[in-house]
Amino acid sequence: MAVASIGLQTLLTMHVQYSIHQPQRLPCFCKKASNFAAKKLGSPAVCVYRRMHTLKHAAIVRTRKRSVVAASSDPDDEWGEPPEPSANTSAVADDSKEADANAGDDVANLKKALLDSLYGTERGLRASSETRAEVAELISQLEAKNPTPASTEALALLNGKWILEYTSFSELFPLLAAGVLPLLKVGEISQTIDSDAFTVQNSVSFTGPLATTSFSASASFEVRSPKRVQIKFEEGVVSTPQLTDSIEIPESVEILGQKIELAPLQGILRPLQDAASSVVKTISGQPPFKFPIRTDKAESWLLTTFLDKDLRISRGDGGSVFVLVKEGSPLLNL
């Protein structure tokens, strides 16, 4: 009986090992083990083995699900060849691929719908309450399908220049409103991230009848969580104005809803063309003006809630949201 116990213990140990590491060979092993027990240990041992096998099986089911290992293809293996993958396994894999493809199509459609809804809003300045609600809903749907949950662990995606397409940040609205002033246009607003140096640069360009210039604010950032970074602005820079060689005066401008004809002024302002040309060389040769940023609002945090190679959605202090598109992305042409 002691010999039988030792033999049964060996069979059960091998049974557990096959269940965990080579479950596809388990049926073949059980058959051979039962035959071995009957021949070497006697019929009672077979009954004991089968009973103990049943009790052991329940305890290893969960472990077996987590620890499936590919079967050996050694033809000399005494326990036989592993069974061929079932048709159900292939069907599950195909379904998974199809689901991933459908999810990608959903995200692409949502991104297009979001950018379509931003048309004519002047980066959010002129968005109606209905448009804002629509934008908020589309943003929520994209955030639920975020392909990069830990954005700060994907700095390569964050790296580069991002163009602002929309914001709900009210403190930025006065800047956006400057673009509706006569003879002044707010150009590109962007954020450039250098993930190697852990720096951020926010920039905005302005165009007027006499010159073009830009303002930028440089900051450093620290990773505080898988989605959140802490930003500290350190320096502001006003670039050297690039004056135009000739002044282009429009025929008319609109101020407070009133159209004002400027044609009579073109002759009066013509002498300014010569003055502008004379100072171009002087001013353009000056270095940009730099100044330190030391205010209570020099620090803020930014939470990235959606990120892929084309689109980024971030949320800042006070619940403000920013929608940005990567420079060079085809989304900029929609």
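Visitor: How many helices and strands are there in the chain?
Guide: Happy to start there, with the reminder that this is a predicted model. Buried residues make up 33% of the 334 residues in the chain. As for secondary structure, the chain has nine helices and twelve strands.

Visitor: Among contacts between residues at least 6 apart in sequence, what percentage join residues at least 24 apart?
Guide: Here we set aside contacts between residues that are fewer than 6 apart in sequence. Of the contacts that remain, the share joining residues at least 24 apart is 60%.

Visitor: How many bridges join strand E2 to strand E3?
Guide: Look at residues 185-194 for E2 and residues 199-207 for E3. The two form a hairpin with four residues between them, and phenylalanine 198 in the turn has a positive phi of about 55°. The strands run antiparallel, and the number of bridges joining them is eight.

Visitor: Which residue in E3 stands opposite threonine 192?
Guide: E2 and E3 are antiparallel partners. Follow them to threonine 192, and the residue opposite in E3 is glutamine 201.

Visitor: Which residue in E4 stands opposite valine 200?
Guide: E3 continues into E4 by a hairpin of three residues. E4 covers residues 211-223 and runs antiparallel to E3, with nine bridges joining the two. In this pairing, valine 200 stands opposite alanine 219.

Visitor: What is the distance in space between threonine 213 and threonine 240, C-alpha to C-alpha?
Guide: Threonine 213 is in strand E4, and its relative accessible area of 25% makes it partly exposed. Beyond its neighbours within four places in sequence, its contacts include Val204, Ser205 and Phe206, as well as Val238, Ser239, Thr240 and Pro241. Threonine 213 and threonine 240 are 27 residues apart in sequence, yet in space their C-alpha atoms are separated by 6.5 Å.

Visitor: Which residues form a nonpolar patch on the surface with phenylalanine 215?
Guide: Phenylalanine 215 also has its place in strand E4. Its relative accessibility is 31%, so it counts as partly exposed. The patch has about 260 Å² of accessible area together, and the partners of Phe215 in it are Val238 and Phe289.

Visitor: How many residues does the largest nonpolar core have?
Guide: In soluble globular proteins, nonpolar side chains tend to be buried together. In this model, the residues with the most contacts inside the largest core are Leu164, Ile189, Ile193, Phe221, Ile231 and Phe233. A second, separate core has 18 residues, among them Leu115, Leu118, Ala127 and Val325. The largest core has 25 residues.

Visitor: Leaving aside neighbours within four places in sequence, which residues is isoleucine 193 in contact with?
Guide: Isoleucine 193 is one of the residues with the most contacts inside the largest core. Leaving out those sequence neighbours, its contacts are Leu158, Asn159, Gly160, Trp162, Thr199, Val200, Phe221 and Arg312.

Visitor: Which residue does lysine 111 meet in a salt bridge?
Guide: The structure holds seven salt bridges. In this one, lysine 111 lies in helix H4 and its partner in the loop between strands E10 and E11, so the pair ties together parts that are 197 residues apart in sequence. Both residues are buried. At 2.7 Å, N to O, the partner is aspartate 308.

Visitor: Why are lysine 112 and aspartate 116 separated by about one helical turn?
Guide: Their side chains meet in a salt bridge of 3.1 Å, N to O. Lysine 112 is partly exposed at 42% relative accessible area, and aspartate 116 is partly exposed at 39%. The separation is about one helical turn because the two, both in helix H4, are four residues apart.

Visitor: Which residues are linked with Lys161 in a network of salt bridges?
Guide: Start with glutamate 188 and lysine 161, whose side chains meet at 2.8 Å, N to O. Glutamate 188 lies in strand E2 and lysine 161 in strand E1, so this pair ties together parts that are 27 residues apart in sequence. Glutamate 188 is partly exposed with 37% relative accessible area, and lysine 161 is partly exposed with 23%. The network links Lys161 with Glu188 and Glu327.

Notes
Residues numbered from 1 in each chain as written. Predicted model: local features only at pLDDT ≥ 70, side-chain atom pairs only at ≥ 80, totals over all residues. Heavy atoms only, no water. Pairing = 2+ DSSP bridges. Patch = residues over 30% accessible without salt bridge, like charges linked within 9 Å, V, L, I, M, F, W, Y side chains within 5 Å. Areas by Shrake-Rupley, 256 points an atom, 1.4 Å probe, with all protein chains shown as cover. Salt bridge = Lys/Arg side-chain N within 4 Å of Asp/Glu carboxyl O. Buried < 20%, exposed > 50% of the residue type's maximum accessible area, 1.4 Å probe, protein only. Core = buried A, V, L, I, M, F, W, Y, C linked by side-chain atoms within 4.5 Å. Contact = heavy atoms within 4.5 Å.
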